[in-house]
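Subject: The structure for you to look at

Hi there,

Here is the structure I promised to pass on. Please open it alongside this email and have a look as you read.

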Amino acid sequence: MRAFLLKIFLTAVLASALVSCNTVDDERIPSVPVGINLSTMDLWTTYGVSGYGEYNMFVRELGLPRNFSYVVSTATGYGGVLLISGVNPFTLEAGVPLAYDLSCPVEVKPDIRVRMESDGMVPVAVCPDCGSRYDVVERGGSPISGEALSRKLGLKRYECVQSPYGGYIITNRY
């Protein structure tokens, strides 16, 4: 019986160690307001995302996206917001909007923003300074190469809340 309990204990410790080795720190970017209102079907159709891998970037100080009407309450996070259609890494639901801060978690500077590049058929976010690459479509902004992978630093995630009017509101109300 004692050997059996020891075996269960060691298995639990090993499983815990394996799980903790795969965790990613996605909280290095400072918590600042995020509030992008795309709550109506018209706004969502114009500025939202619907196709797998389709994306849009919101950076207030750069006027992105073009022709988007920023209001006083609009806030685009620390370095801007990447809105992309992909797979929710927690529910595995496909075709959902996902949102991330554009600032690289390795650099932690609001003006060093990831850019989108095609990695085969699926776009990835790439830091122009450190070269880290992030899977923003299927793995929740987890690093896939570069310094971010070795340091286990992922992009900061924001929430996309569905509106009763056909669109979404992007926020950091975690």
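Below is what I found in it, going from the whole chain down to single residues.

First, some ground rules. This is a predicted model, in which local features need pLDDT of at least 70 and side-chain atom pairs count only at pLDDT 80 or more, while totals for chains, interfaces and linings use all residues. Residues are numbered from 1 along each chain as its sequence is written, and side-chain values use heavy atoms, with hydrogens and water left out.

**The chain as a whole**

The protein chain has three helices and 11 strands; these are DSSP runs, H or I over at least four residues for helices and E over at least two for strands, numbered from the N terminus. Read from the N terminus, the elements go α-β-α-β-β-β-β-β-β-β-β-α-β-β. Of the 174 residues, 41% are buried (buried is under 20% relative accessible area, exposed is over 50%, and partly exposed is in between, with a 1.4 Å probe and protein chains only). Among contacts (heavy atoms within 4.5 Å) with a separation of 6 or more, 53% are between residues 24 or more positions apart. The accessible surface comes to about 9700 Å², and carbon and sulfur atoms account for 57% of it. Those areas come from the Shrake-Rupley method with a 1.4 Å probe, and for residues only the protein chains shown count as cover.

**The sheet**

Seven strands make an open sheet with antiparallel pairing, in the order S2-S4-S5-S10-S11-S1-S3. Two strands pair here if DSSP finds at least two bridges between them. S2 (55–58) and S3 are at the edges with a single partner strand each, so one side of each has no neighbour in the sheet.

S1 (residues 34–40) is a good strand to click on: five of its seven residues are buried. Five antiparallel bridges connect S1 to S11 (residues 166–171), and there Asn37 has Ile169 as its bridge partner. Towards S3 (residues 75–76), S1 has two bridges, again antiparallel, with Gly35 partnered by Ala75. Elsewhere in the sheet, S5 and S10 (residues 157–162) run antiparallel and are joined by two bridges; Tyr100 is partnered by Arg157 in S10.

**A hairpin and a loop**

S8 (residues 133–135) and S9 (residues 142–145) pair antiparallel over three bridges, one of the partnerships being Asp135 with Ser142 in S9. Together S8 and S9 form a hairpin with six residues between them, and Gly140 in the turn has a positive phi of about 65°.

Leu92 sits in the loop between S4 and S5, and with a relative accessible area of 65% it is exposed. Its C-alpha atom is 8.5 Å from that of Glu138, although the two residues are 46 apart along the chain.

**The nonpolar cores**

A nonpolar core is a set of buried Ala, Val, Leu, Ile, Met, Phe, Trp, Tyr and Cys residues joined through side-chain atoms within 4.5 Å. The largest one has 21 residues, and Val114, Tyr134 and Val136 touch the most other members. S4 (81–87) and S5 (94–101) each supply at least two residues of this core, and S5 gives the largest share, three residues. Leaving aside residues up to four places away in sequence, Val114 touches a list that includes Met57, Leu102, Cys104, Tyr134 and Leu155. Apart from this core lies another, of 16 residues, among them Trp44, Val49, Cys160 and Ile170.

**Cysteines and a serine**

How many disulfides does the structure hold? Zero, with a disulfide taken as a pair of cysteine sulfur atoms within 2.5 Å. Cys130 is in none, and the nearest cysteine sulfur, that of Cys104, is 3.7 Å away. Cys130 is partly exposed, at 22% relative accessibility, whereas Cys160 is buried at 18%.

Finally, have a look at Ser163, in the loop between S10 and S11. Ser163 is buried, at 8% relative accessibility. A polar atom of the Ser163 side chain lies 2.9 Å from the backbone nitrogen of Tyr165. Not counting residues up to four places away in sequence, Ser163 touches Ser39 and Tyr168.

Happy browsing, and best wishes!

Terms used: Polar contact = N/O pair within 3.5 Å; in protein donor to acceptor, adjacent residues only side chain to side chain.
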